[in-house]
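Here are my notes on the model you sent over. I went through the empty spaces inside it, then a pocket and a pair of strands.

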Amino acid sequence: MSDSNVLYSITEAQLNTGLRGFPVGTVRTSRVSPTEGVSYVGYPIADLSKLDPEAVIYLMFNKELPSDEQLTEFKANLAGRAAVDESVFKMLAQLPKTGHPMEWLINGLTLLGMTGKTGDYYEDALNLISRAPALIAAIFRIRSGWGDPIASKPELGLVENFVHMLGVPGGDAERLTRQLRIFYVLHMDHGGGNLSTFSGKAVASGLADIYSSMAAAMAGLSGPRHGKANQNCLAFVQEVGTADHAALEEVIRGKVARRELIYGFGHAVLRAEDPRATIQYAVGQELYPEDPLFQIALALRTVAVKVLKENPRISNPYPNVDAVSGTLLNAAGLLDSDYYTTLFGLARIAGIAAQIVDERLNFRGGKGVAIYRCSFKAENQDPRRLG
Ligand code: MLT
């Protein structure tokens with residue numbers, strides 16, 4: 001019997017594979033094509049990367065780009081929500097410096113919730129997006145001993161204000177702003193099934209507020225198989241240590257033979273170079289062409305792909321979003337890679353928040369998605385008796 005509503009049926013072999021390939025819901029903010037990469041509400045990421053981050057946030061929530069007037073209004077709306085309760089910074093200052101910045105972010109999100117939640121998913125989503133830059137800038141400053149948080153100037157714009165509040169010692173604020181505006185748009189969303197988004201939506205489906213849901217999402221992002229990969233990719237570029245193609249090829253072949261990971265290459269869904277990597281290579285060519293680590297990342301783009309392509313079991317030998325992002329952040333003067341995933345998180349918070357609002361307030365005629373509750377096949381559980 002054929003039922004046109006049946007999308008997939010699951011075989012035994014597909015259990016315990018992390019739900020790969022099985023749709024569990026719908027998503028309106030973005031779509032990932034294996035060959036074209038991500039688009040947001042139908043617009044290719046390459047086109048959106050030239051826009052104001054606020055325009056793209058507006059797109060995530062409204063499913064259309066704003067007019068100039070709407071954008072001005074939306075920016076003012078976001079700016080008006082930016083104030084973070086002072087007690088959040090005081091409590092952050094009590095956290096152990098040995099904690100990873102992502103652990104600080106997870107804590108910081110619940111602190112934002114405890115000091116400022118409204119209980120309305122849409123209001124809280126916009127408040128959170130607007131307040132996250134101050135939270136993350138404070139995490140950088142307090143945890144790395146750069147000094148007290150810098151007073152927010154939200155009228156500057158979301159990313160511009162973030163760079164102002166970071167106050168990177170010795171940093172080039174203009175270049176960093178240009179780079180992070182693009183970084184923010186590129187990292188905002190990636191379909192509905194990536195681990196952080198899925199986790200955040202799942203937690204929100206139990207009607208947890210957006211701050212707790214986002215803390216769960218960021219816990220998902222913090223793992224090395226997900227957002228922490230950008231930190232590991234910089235270490236990988238530093239470790240391979242040469243931009244000479246012949247020497248690099250030898251290093252990569254050695255790693256492949258030892259079955260070691262080639263960081264920054266491959267993706268669960270993509271089967272071509274990630275357009276987010278393509279855009280970042282172009283940013284590097286423009287802003288940091290002479291940077292020695294950028295030269296290595298560029299060489300990897302050719303050499304690693306060449307070596308990985310020889311292996312028929314590798315379905316995607318191409319660079320992903322993380323291949324060069326850490327290298328660019330390092331070139332911009334953000335030298336401690338432990339913080340890189342918080343920057344990924346800063347951007348992804350916007351996409352996840354928009355998806356949570358859709359799931360809670362818009363889908364199923366406004367009833368919202370049901371509480372996530374999947375099934376697991378029970379194993380090794382034949383009936384037994386005590387005694
Ligand atoms: C990404 O941005 O590439 C992701 O969040 C990872 C994924 O899509 O699974």
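The points below take the cavities, then the pocket, then the strands.

1. One thing to keep in mind while reading: this is a predicted model. Cavities of 30 Å³ or more come to two in the structure.

2. Start with the largest cavity, which holds about 80 Å³ of space. Its lining is made up of Pro133, Leu158, Val159, Phe162, Leu180, Phe183, Tyr184, Leu343 and Leu346. Sorted by class, that lining has nine nonpolar residues, with no polar and no charged ones. If you colour by class, note that Tyr and Pro are both counted as nonpolar here.

3. Where does the lining of the largest cavity come from? Three helices each supply at least two of its residues: H7 (158-166), H8 (173-187) and H16 (340-362). Turn these three on in your viewer if you want to find the spot.

4. Next, the second largest cavity, with about 60 Å³ of space. Around this one you'll find Gln179, Ile182, Phe183, Leu186, Gln280, Val283, Ser325, Leu328 and Leu329. Helices H8, H13 (275-287) and H15 (322-331) are the elements giving two or more residues to this lining. The biggest share comes from H8, with four residues.

5. What classes of residue line the second largest cavity? Six are nonpolar and three are polar, while none is charged. Phe183 is worth clicking on: it is listed in the lining of the largest cavity and also in that of the second largest.

6. Which domains contribute to the lining of the second largest cavity? Domain 1 (47-224 + 344-366) and domain 2 (229-331) each provide at least three residues.

7. Now something open to the outside. The second largest pocket has a volume of about 420 Å³. Its lining counts 17 residues, and those nearest the pocket's centre are Leu15, Asn16, Leu19, Ser375 and Phe376. By class, the pocket lining splits into nine nonpolar, five polar and three charged residues.

8. Last, the strands. E1 (residues 30-33) and E2 (residues 37-40) run antiparallel and are joined by four bridges. The link from E1 to E2 is a hairpin of three residues. To get your bearings in the pair, look for arginine 31, which sits opposite serine 39 of E2.

Key
Residues numbered from 1 in each chain as written. Predicted model: local features only at pLDDT ≥ 70, side-chain atom pairs only at ≥ 80, totals over all residues. Heavy atoms only, no water. 1 Å grid on protein atoms, 1.4 Å probe; cavity = no way out; pocket = protein on both sides within 12 Å on 5 of 7 lines; lining within 4 Å. Points joined across faces, edges and corners; volume = space filled by probe spheres on them. Domains from an automatic or database assignment. Pairing = 2+ DSSP bridges.
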